[in-house]
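Please open the structure in your viewer and keep the sequence beside it, since this tour moves from one selection to the next. Each stop says what to select and then what is to be found there.

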Amino acid sequence: QLCKGVNGLEKVVLKEAKGSSAEIYLYGGHVTSWKNENGEEMLFVSSKAIFKPPKAIRGGIPLCFPQFGSHGSLEQHGFARNRIWSIDKDPPPLPTSSTSKAYVDLILKPSEEDAKIWPHSYEFRLRVALGPTGDLLLTSRIRNTNADGKPFSFTFAYHTYFSVSDISEVRIEGLETLDYLDNLQNKERFTEQGDAITFESEIDKIYLSTPTKIAILDHEKKRTFVIRKDGLPDAVVWNPWDRKAKAMADFGDDEYKYMLCVEAAAVEKPITLKPGEEWKGRLELSAVPSSYCSGQ
Ligand code: BG6
């Protein structure tokens with residue numbers, strides 16, 4: 001179901017039998033919408049997002065590859081998020097395919113221009129699926145197809161922008177007491193103290209060796225996002241707050257109140273693949289009423 005989205009960019013719309021849905025732009029292999037069975041949007045996309053290459057779409061789930069952030073010599077967050085992906089018509093099978101009928105397979109391979117920026121050959125396969133209860137499942141498979149026998153290394157993130165009612169009413173559970181690199185303090189390493197993470201100013205931290213399950217509790221919406229991840233040891237937490245929000249052309253001045261990025265990532269230890277080797281990174285998002293979670 002390929003159709004035209006903003007500015008004529010092509011997108012795929014997934015619909016699950018019970019009513020949940022998702023939209024994925026071929027531009028960036030970028031999920032821009034994930035709605036629950038009641039049609040409520042779970043992801044934040046800025047009202048000022050620019051749906052036009054080469055600017056990555058502000059919101060949803062940008063894919064950071066082959067570099068996260070400025071942790072290397074490439075452009076910020078690498079280039080996968082501003083390339084046009086293709087539908088992968090004949091993907092190698094994945095075990096999850098049997099549990100979901102609503103899914104799409106995309107693929108990114110380097111162009112000649114890309115090979116000048118990052119001199120490696122690869123196949124990046126992305127499957128986006130809706131589970132039977134409306135969960136959003138993303139599986140990335142990256143294979144080294146270098147013919148010259150050379151390995152390559154990369155860092156990666158699912159740069160997920162969650163939609164929240166009010167950032168000051170939100171907390172994250174699962175990251176307390178962990179070590180993190182603080183992007184606001186020269187990527188220095190610190191240890192998180194005490195309780196759940198709450199928000200009252202700009203944050204840009206890379207939590208290291210995090211558990212496979214992290215929760216975002218939205219008190220006002222009485223909703224909890226549960227993030228489950230595999231192959232992605234780190235978790236980036238980002239909110240630009242007011243000053244940085246104003247400095248971003250594709251982000252509304254007040255929109256920082258309504259979003260929170262929690263990004264399943266592999267940053268501290270780059271992933272290295274020899275020719276023929278494949279890496280897999282899975283992200284599973286669910287949104288559940290908070291009452292359901294209490295006491296867990
Ligand atoms: C976060 C980074 O993941 O993405 C931040 O940790 C960065 O440092 C943010 O500002 C947004 O990046 P961009 O390139 O999409 O504006």
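A residue counts as exposed if 12 or fewer other C-beta atoms lie within 10 Å of its own, as buried if 20 or more do, and as partly exposed in between. With that cut-off in mind, and remembering that this is a predicted model, select S209 as a trial: it has 11 C-beta neighbours inside 10 Å and therefore counts as exposed. S209 sits in the loop between β15 (203–207) and β16 (213–218), and its phi is positive, at about 45°, although S209 is not a glycine. Most residues other than glycine have a negative phi, and most peptide bonds are trans.

**The whole chain**

Now show the entire chain as a cartoon, in which three helices and 20 strands make up the secondary structure. The radius of gyration is 18 Å, close to the 19 Å that the globule rule gives for 296 residues, so the chain is as compact as a globular protein of that length. If you turn the C-alpha trace along its principal axes, the spans are about 50 × 45 × 35 Å. Of the 296 residues, 45% are buried, and among contacts between residues at least 6 apart in sequence, 65% join residues at least 24 apart.

**The nonpolar core**

Next, go inside and select V128, F162, V262 and A265, which have the most contacts within the largest nonpolar core, a set of 80 residues. Strand β19 (residues 259–273) gives this core its largest share, namely eight residues. Staying with F162 and leaving aside its neighbours within four places in sequence, you can pick out its contacts one after another: M42, L43, F44, I216, F225, M259, L260 and V262.

**A residue in strand β18**

From there, select N239, which belongs to strand β18 (residues 234–239). Is N239 buried or exposed? It has 21 other C-beta atoms within 10 Å, so N239 is buried. Beyond the neighbours within four places in sequence, N239 is in contact with I167, F199, E202, I203, Y256, L260 and C261. For a distance to check in the viewer, take N239 and E220, whose C-alpha atoms are 18 Å apart in space while the two residues are 19 apart in sequence.

**The annotated binding site**

Which residues does the UniProt annotation "binding site" cover? According to that unreviewed entry, they are R58, Q76 and R81, so select these three together. They span 24 residues in sequence, yet no two of their C-alpha atoms are more than 13.7 Å apart, so they gather at one spot.

Taking R58 by itself, you will find it in the loop between β4 (30–35) and β5 (63–64). R58 counts as buried because it has 22 C-beta neighbours inside 10 Å. If its neighbours within four places in sequence are left aside, R58 is in contact with S46, K48, A49, D250 and F251.

Q76, by contrast, lies in the loop between β5 and β6 (86–87), and with 14 C-beta neighbours inside 10 Å it counts as partly exposed. Leaving aside its neighbours within four places in sequence, Q76 is in contact with G69 and S70.

**The ligand and its shell**

Now select the ligand, which is surrounded by A56, G69, Q76, H77, H159, N183, D204, V236, W238 and E263. Coloured by class, this shell shows three nonpolar, five polar and two charged residues.

One member of the shell deserves a separate selection, and that is H77. H77 is found in the loop between β5 and β6, and it counts as buried because it has 23 C-beta neighbours inside 10 Å. Its phi is positive, at about 65°, although H77 is not a glycine.

**Two cis peptide bonds**

For the last stop, show the backbone atoms and look at the bond that joins P53 and P54, which is a cis peptide bond with omega about 5°. P54 has its place in the loop between β4 and β5. Then move on to the peptide bond from F65 to P66, which is also cis, with omega near 0°; P66 is found in the loop between β5 and β6.

Definitions and conventions:
Residues numbered from 1 in each chain as written. Predicted model: local features only at pLDDT ≥ 70, side-chain atom pairs only at ≥ 80, totals over all residues. Helix = DSSP H or I, 4+ residues; strand = E, 2+ residues; numbered from the N terminus. Contact = placed C-beta atoms within 7 Å. Near = placed C-beta within 6 Å. Nonpolar A, V, L, I, M, F, W, Y, C, P; charged D, E, K, R; others polar. Rg over C-alpha atoms; globule rule 2.2 N^0.38 Å. Core = buried A, V, L, I, M, F, W, Y, C linked by C-beta atoms within 7 Å.
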